[in-house]
Amino acid sequence: MAHCFLDTCVVKYRYIKNPRFRAHRQKVNRLIGNRNNTTYIADATILEIPSALGGYCRENNGSLAEYDAMDHEFMQDIADGRFIVRPANKRLYVLRARNLLRLGGVIHRRGLGSTDALIASCALDLAYELKERVRFFTSDQKLNGALPLIDAFSANMELNFIPVPPPPRPATPATPPGP
């Protein structure tokens, strides 16, 4: 059985119904729906998801009803056991996250956020606890660039990057015919 740990930036696309993200959503749904996978998230994702979904609604003129439906679906997935929620607030995780910020952010010059470091450290602890490699999925380019550089992560986790499609290009105005 595969143990999959999903970063928040991957999870959110399960709930965003925009056709632009269809392929991304399908990948996430296959991970969650595969009975051979046990799928984990950090408890920090429960707080990050409303922020991510709210950002999507602001950027795309989404309504409160659309936001509420996405958030409700996420919370229902937790209630239905589609995700196993791992606590990310243990002191050990915080210390590991601080070390990841030091190694990745200063030594390797990668821009990492504190919540990203906390979630990745939570996934690493799961690998240590299970004594096997955990498949970690992210769509965050900075995190994806930093984790392979740090031996503890590359040795204990299978790091998977799911790229998000770029935003559509604005239409270029037609050039009027010249004289």
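**Close-up 1. Asp 80 and Arg 82 meet in a salt bridge through their side chains.** In this predicted model, the N to O distance for the pair Asp 80 and Arg 82 is 3.1 Å. Asp 80 has a relative accessibility of 46% and counts as partly exposed. Its partner Arg 82 is partly exposed as well, with a relative accessible area of 35%.

**Close-up 2. Arg 82 also pairs with Asp 77.** Here the side chains form a salt bridge with an N to O distance of 3.0 Å. Is Asp 77 buried or exposed? With a relative accessible area of 3%, Asp 77 is buried, because buried means under 20%. Arg 82, at 35%, is partly exposed.

**Close-up 3. Salt bridges link four residues into a network.** Take a moment to find the members: Arg 14, Asp 77, Asp 80 and Arg 82. Two of the contacts in this view are Asp 77 with Arg 82 at 3.0 Å and Asp 80 with Arg 82 at 3.1 Å. As general background, side chains of opposite charge can pair when their charged atoms come close.

**Close-up 4. Arg 135 and Glu 158 join in a salt bridge.** The side chains meet with an N to O distance of 3.3 Å. This pair links distant parts of the chain, 23 residues apart: Arg 135 sits in strand S4 (residues 134-138) and Glu 158 in strand S5 (residues 157-161). Arg 135 is partly exposed, with a relative accessible area of 25%, and Glu 158 is partly exposed at 33%. If you would like to look further, a search of the whole structure finds 7 salt bridges.

Conventions
Residues numbered from 1 in each chain as written. Predicted model: local features only at pLDDT ≥ 70, side-chain atom pairs only at ≥ 80, totals over all residues. Heavy atoms only, no water. Buried < 20%, exposed > 50% of the residue type's maximum accessible area, 1.4 Å probe, protein only. Helix = DSSP H or I, 4+ residues; strand = E, 2+ residues; numbered from the N terminus.
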